[in-house]
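Reader: I should like to understand this structure through a series of questions. May I ask that each reply set out its reasoning?

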Amino acid sequence: MSRPRLLSGMQPTHDSLHLGNYLGAQVNWVRMQEDFEAYFCVVDQHALTVGPDPADLRQRTRVTAAQYIAGGVDPQRSAVFVQSHVPEHSQLAWVLNCLAGFGEAARMTQFKDKSAKGGQDAATVGLFTYPMLMAADILLYNTEAVPVGEDQRQHLELTRDLAQRFNARYGDTFVVPRAHIPAETAKVMSLAEPTAKMSKSAENQSGNLMMLDTTKANTKKVKSAVTDTDNDVRWDPEAKPGIANLLRIHSALSGESIEALVERFAGENKYGALKGEVAEQVAVVQAPFKERVDDLLADPAELDAHLARGAERAREVAGATLARVYDAVGFVPLGR
Ligand code: TYM
């Protein structure tokens, strides 16, 4: 029997993923690839919306793919591929652009945030149509599950709306996907500013634990994590967001429950001890992750071969879906 499908992706916008990407998305990718037919896409076309240097984009695309595999995605079992290798993504995006309302695209908070940062003239049309390309990524594979962090929820809702609208207008074509958002690590917060999410584009990078940084650098960041002035380790995300973030990170990495951690660190002056253990737990995951990435990057031909195989598998499914879509909307098939 065929397995239900899963798709997810990350933008190759930086030299390294951060712990939020890992705990918010990748841990679920690895777990879910056992039960799903999984597609993991490096979304280089999305990354182009912010105008990266070409050499950086090329390098970061490979580094991002290597991080997928280093974090536990099995390229034999799951398709690991680059978005621009599968032209059906942009082709379906156009059709979805013609289905999405201008107003609903303008309401996307990520677009509003990003365009507000650089001013409206700096925002590209690509940034505006970004969510329709993302919807195309997902809908091409008749995806049932999309493992992502909390910040992608709104894009997923739009994807569902577009799938339903297409199906109502043109007949049943798309599966309506569901977001899979983890309970405790849906939004890993910045260590420097625990009321803001850990983010690749944050101005203050001292709050980001980078998967490809040295253990020393990450330990330093954990040790200087912003907490609060009372000295008691308690579970109170409202009043103590820094401590809540550290407890969540520890629990996600170590598997120890938050209640057990709170009990163990109860009493005065335990912040230092908690930070020490968090730093250790981060290192246990991050150091071998980095080593595997270095190994994978040492053999770029092998990595590119994984990506070529992934694209081939992706195109088989994507091509069939796009053909159905083109037929449904009334495009004339190419004559022979
Ligand atoms: P991106 O590249 O910003 O982030 C990749 C994944 O990491 C999650 N994430 C977080 N999770 C928890 N805490 C955080 N602080 C945190 N920061 C990031 C994101 O939710 C995401 O799951 N639009 C997407 C990329 C994309 C995509 C897709 C995803 C394009 N097409 C199709 C899924 C399916 C993005 O910008 O992710």
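Author: A definition comes first: a salt bridge is a side-chain nitrogen of Lys or Arg within 4 Å of a carboxyl oxygen of Asp or Glu. The model discussed here is a predicted one.

Reader: Which residue forms a salt bridge with Asp236, the closest N and O atoms being 3.9 Å apart?

Author: The cut-off for a salt bridge is 4 Å, and the closest N and O atoms of this pair are 3.9 Å apart. Asp236 is partly exposed, at 24% relative accessibility, and its partner is also partly exposed, with a relative accessible area of 33%. A network of salt bridges links Asp228, Asp230, Asp232, Arg234, Asp236 and Lys240. The residue that pairs with Asp236 is Arg234.

Reader: How many salt bridges does the count come to?

Author: The pair Asp213 and Lys221 forms a salt bridge, with closest N and O atoms 3.9 Å apart. Asp213 is partly exposed because its relative accessible area is 24%, whereas Lys221 is buried, at 17%. The count of salt bridges comes to 17.

Reader: How many residues apart are Glu104 and Arg165, whose side chains meet in a salt bridge?

Author: The N to O distance in this salt bridge is 2.6 Å. Glu104 is buried, with a relative accessible area of 13%, while Arg165 counts as partly exposed at 25%. Glu104 lies in helix H5 (residues 102–106) and Arg165 in helix H8, so the pair links distant parts of the chain. Their separation in sequence is 61 residues.

Reader: Is Lys275 buried or exposed, and which side chain of opposite charge is nearest?

Author: Lys275 has its place in helix H12 (residues 271–297). Lys275 is buried yet has no salt bridge. A polar atom of its side chain lies 3.2 Å from the backbone oxygen of Lys223 and a polar atom lies 2.9 Å from the backbone oxygen of Ala225. The nearest side chain of opposite charge is 9.5 Å away and belongs to Asp228.

Reader: How many of the 14 residues of H10 are buried?

Author: Helix H10 (residues 241–254) reaches 20 Å from its first C-alpha to its last, close to the 20 Å expected. Its buried residues include Gly242, Leu246, Leu247 and Ile249, and what covers the buried residues includes helices H1, H9, H11 and H12. H10 is largely enclosed by the rest of the structure, because the number of its residues that are buried is ten.

Reader: Which residue follows H10, with a positive phi?

Author: The helix spans residues 241–254. The residue after it has a phi near 85°. That residue is Gly255.

Reader: Which element gives the largest share of the largest nonpolar core?

Author: In soluble globular proteins, nonpolar side chains tend to be buried together. The largest nonpolar core here has 52 residues, and those that touch the most other members are Leu19, Tyr22, Tyr68, Leu191, Ile249 and Leu274. The largest share, nine residues, comes from H12.

Reader: How many residues are in the second, separate core?

Author: Its members include Tyr39, Ala100, Ile138 and Ala314. This second core is separate from the core in which Leu191 and Ile249 are among the residues that touch the most other members. The number of residues in the second core is 43.

Reader: How far apart in space are Asp161 and Leu247, C-alpha to C-alpha?

Author: Asp161 has its place in helix H8 (residues 153–170) and is partly exposed, with a relative accessible area of 33%. Leu247, in contrast, is among the buried residues of H10. The two are 86 residues apart in sequence, and their distance in space is 36 Å.

Notes:
Residues numbered from 1 in each chain as written. Predicted model: local features only at pLDDT ≥ 70, side-chain atom pairs only at ≥ 80, totals over all residues. Heavy atoms only, no water. Helix = DSSP H or I, 4+ residues; strand = E, 2+ residues; numbered from the N terminus. Buried < 20%, exposed > 50% of the residue type's maximum accessible area, 1.4 Å probe, protein only. Lys, Arg positive; Asp, Glu negative; His and termini not counted. Polar contact = N/O pair within 3.5 Å; in protein donor to acceptor, adjacent residues only side chain to side chain. Expected span 1.5 Å × (residues − 1). Contact = heavy atoms within 4.5 Å. Core = buried A, V, L, I, M, F, W, Y, C linked by side-chain atoms within 4.5 Å.
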